[in-house]
Amino acid sequence: MAEAEQADGAQRTGRRPPQVAALVVGAVFLVVGVLGFIPGITTGYDELEFAGHHSGARLFGVFAVSILHNLVHLLFGVAGVLAARKRAASRIFLMVGGGIYLLLWIIGLAIPQSSPGNFLPFNVADNWLHLGLGVGMIALGVFTTALERKAGDYPEPDLQHQ
């Protein structure tokens, strides 16, 4: 009986599916943020600007980046890694973060690439990537929550009653 309780206790202290997903997504954003500062991986590195559509730098030769864009990736990555510490925060990161990326997709479609409003900057490849990230993150939030529900391990909300 003690072994079963220990196994159950160990299972409860391990990372849950939403936490794993948030950790992986956060780690990928951290890597992408760092790669954006590496010449060669980022082509046109000598054209890397702090912000704006004039930055000629391209991550993997495809995705428009600037220093600000890379910093946003790093901050988003840190947010994902920190969110992975708690189930509820992981779900919020995946769902809200996915929503943010869908919003960025819409903004990228609405703002001309040569506009001063394109300050991060975005290009067509970024727009498609933002759509994929938005849909993918929301799908991960929904799918990992469904996995927990199927396993009968859906947590109660973290509400404090006064």
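## Aromatic cluster

Rings of Phe, Tyr and Trp count as a pair if their centres lie within 6.5 Å. In this predicted model, Phe29, Phe76, Phe93 and Tyr101 come together as one aromatic cluster. A search of the whole structure turns up four aromatic pairs, and two of them are worth walking through here.

Let's start with Phe29 and Phe76, whose rings sit edge-to-face at 4.8 Å centre to centre, with 65° between the planes. This pair bridges distant parts of the chain: Phe29 belongs to helix H2 and Phe76 to helix H3, 47 residues apart. Phe76 also pairs with Phe93, this time in a tilted arrangement, with 5.2 Å centre to centre and 45° between the planes. Here too, distant parts of the chain are linked, since Phe76 lies in helix H3 and Phe93 in helix H4, 17 residues apart.

## Burial of the rings

Are these phenylalanines buried or exposed? Phe29 has a relative accessible area of 6%, so it is buried, given the cut-off of under 20%. Phe93, at 8%, is buried as well. Phe76 has 13% relative accessibility and therefore also counts as buried.

## The nonpolar cores

The cluster leads straight into the largest nonpolar core, which has 14 residues. Which of its members touch the most others? They are Val25, Phe29, Phe76, Phe93, Leu94, Tyr101 and Met137. Helix H2 (17–35), helix H3 (67–83) and helix H4 (87–110) each contribute at least two residues to this core. As a rule, nonpolar side chains in soluble globular proteins tend to be buried together.

Phe29 gives a good view of the surroundings: leaving aside residues up to four places away in sequence, its contacts are His73, Leu74, Phe76, Gly77, Tyr101, Leu133 and Met137. There is also a second, separate core of five residues, with Leu35, Leu48, Ala57 and Val65 among them.

## The sheet

Now for the strands. Three of them make an open sheet in the order E1-E2-E3, with antiparallel pairing. Strand E1 (42–43) and strand E3 (63–64) are the edge strands, each pairing on one side only.

How many bridges join E1 and E2? Strand E1 and strand E2 (residues 58–59) pair over two bridges in the antiparallel sense. If you would like a spot to look at in your viewer, find Thr42, which stands opposite Leu59 in E2. In general, the strands of a sheet pair through backbone hydrogen bonds, either parallel or antiparallel.

Methods
Residues are numbered from 1 along each chain as its sequence is written. This is a predicted model: local features need pLDDT of at least 70, side-chain atom pairs count only at pLDDT 80 or more; totals for chains, interfaces and linings use all residues. Side-chain values use heavy atoms; hydrogens and water are left out. Two strands pair if DSSP finds at least two bridges between them. Helices (H or I, at least four residues) and strands (E, at least two) are DSSP runs, numbered from the N terminus. A nonpolar core is a set of buried Ala, Val, Leu, Ile, Met, Phe, Trp, Tyr and Cys residues joined through side-chain atoms within 4.5 Å. Buried means under 20% relative accessible area, exposed over 50%, partly exposed in between (1.4 Å probe, protein chains only). Contact means heavy atoms within 4.5 Å. Rings of Phe, Tyr and Trp (its six-membered ring) pair if their centres lie within 6.5 Å; planes under 30 degrees apart count as stacked, over 60 as edge-to-face and the rest as tilted.
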